[in-house]
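Welcome! Here is a short, friendly briefing to help you find your way around a protein you have not met before. Please take a look at the sequence and the model first.

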Amino acid sequence: MATAVPRNGSLLAVSLQGFVLVGFGGGAETQALLFAVFLALYTMTILGNLTMIVVITLDARLHSPMYFFLKNLSFVDLCYSSVIAPNALANILSSSKVISFEGCAAQLFFFSLLATTEAFLLAVMAYDRFMAICSPLRYPVTMYPMHCARLIMGTYCGGILNSIVQTSLTFQLPFCSSNRIDHFYCDVPPLLQLACGNTALNELLLFGLCGFIIVSTTLAVLVSYGYITVTILRMHSGSGQHKVFSTCGSHMMAVSLFYGTVFVIYAQPGAVTSMAQGKVISVFYTLVIPMLNPLIYSLRNKDVKDALRRLRQRHSLGKKEGE
């Protein structure tokens, strides 16, 4: 519901009890197809990321910093897809497609927090690989458990800070005549389109903060992998080179997918006005990438595949002993 607040004969703002998430539109067949696609992607995201979390937790051979960070990546992917997908699925089946003002603010807060956390976490994972490959003798001393925990806490602190700034400034704006958000979830760019106040500061912060986060973390990744590439090329062992390239290739694939799509949405001055393109890209980084990450890391990682095989063998032996 939106109630107009007149001032000097003009409509300047509305008192909002809720927003309408327009989504993708289309007829019943289109909505059914969207529901099937969203449900399939979200189901695979849950199964893939939960599998990674369980395997890394149960297999003692994977209790290393690299897999500690990978487990946290799976947790973040699982959470930030869950902030978006269940509500999107419910709205596809709903005729009203309404989300409360508080629910919209909460969705934006947690999505921003988790997406920012993932950006920092990918940079931390690159730093971990840099230390492991370029300084193997110092690695156990540098990447001890407490230091790894602090790095994870740092990623969440960065996410919380960005989320507080973006959410508080966005919801301080007065909203004009429409409460229809041209998106399938609450995000800063479509909300700015509904504002009747001056959004220059919000757009500057969106571009500035997100640009800084993306550029700084991307530079950290590129510098780390620049040193890693030089170190790998100096290796005399062909098998060693292949193993390192396989592990780092998985990470670079995940980094490229995430940063590339996020950059298109948030780190360009004109991104706020491109909602039609933005919705399609948003599906990619809110649902497709969290679904792909477990596949990328498991299919290209021999240690994870070996751990999965050991768990299956352990399960099979347990069933035989039970019989």
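The notes below go from the whole protein to one sheet and then to a patch on the surface.

Keep in mind that this is a predicted model. The protein has 323 residues, and 47% of them are buried. Its secondary structure comes to 10 helices and five strands.

**The protein as a whole**

- Among contacts with a separation of 6 or more, 76% are between residues 24 or more positions apart.
- The accessible surface of the protein is about 15,700 Å², and carbon and sulfur atoms account for 68% of that area.

**A sheet of three strands**

- Follow the order β4-β3-β5 and you will trace an open sheet of three strands with mixed pairing.
- Because β4 and β5 stand at the edges, each with a single partner strand, one side of each has no neighbour in the sheet.
- Strand β4 covers residues 98-100 and runs antiparallel to β3, with three bridges joining the two.
- Strand β5, made of residues 180-181, runs parallel to β3, and two bridges join this pair.

**Strand β3, seen up close**

- In a regular strand, side chains alternate between the two faces of the sheet.
- Strand β3 spans residues 18-21, with G18 and V20 on one side and F19 and L21 on the other.
- Are these four residues of β3 buried or exposed? G18, F19, V20 and L21 are all buried, so both faces of the strand are covered, where buried means under 20% relative accessible area.
- V20 is a handy residue to look for, as its bridge partner in β4 is V98, while in β5 it stands opposite R180.

**A helix across the sheet**

- Which helix lies across β3, β4 and β5? Helix α3, residues 101-134, does so, and it runs at about 80 degrees to β4.

**A nonpolar patch on the surface**

- Now turn to the surface, where V215, L219 and L222 form a nonpolar patch. Together these residues have about 280 Å² of accessible area.
- V215 of this patch lies in helix α7, which covers residues 200-233.
- The relative accessible area of V215 is 46%, so this residue counts as partly exposed. Partly exposed residues fall between the limits of 20% for buried and 50% for exposed.

Definitions and conventions:
Residues are numbered from 1 along each chain as its sequence is written. This is a predicted model: local features need pLDDT of at least 70, side-chain atom pairs count only at pLDDT 80 or more; totals for chains, interfaces and linings use all residues. Side-chain values use heavy atoms; hydrogens and water are left out. Buried means under 20% relative accessible area, exposed over 50%, partly exposed in between (1.4 Å probe, protein chains only). Two strands pair if DSSP finds at least two bridges between them. Contact means heavy atoms within 4.5 Å. Axes are lines fitted to C-alpha atoms, for helices over the stretch in contact, and angles run from 0 to 180 degrees between N-to-C directions. Accessible areas come from the Shrake-Rupley method with a 1.4 Å probe; for residues, only the protein chains shown count as cover. Patches are made of residues with over 30% relative accessible area and no salt bridge: like charges are joined within 9 Å, nonpolar side chains (Val, Leu, Ile, Met, Phe, Trp, Tyr) within 5 Å. A salt bridge is a side-chain nitrogen of Lys or Arg within 4 Å of a carboxyl oxygen of Asp or Glu.
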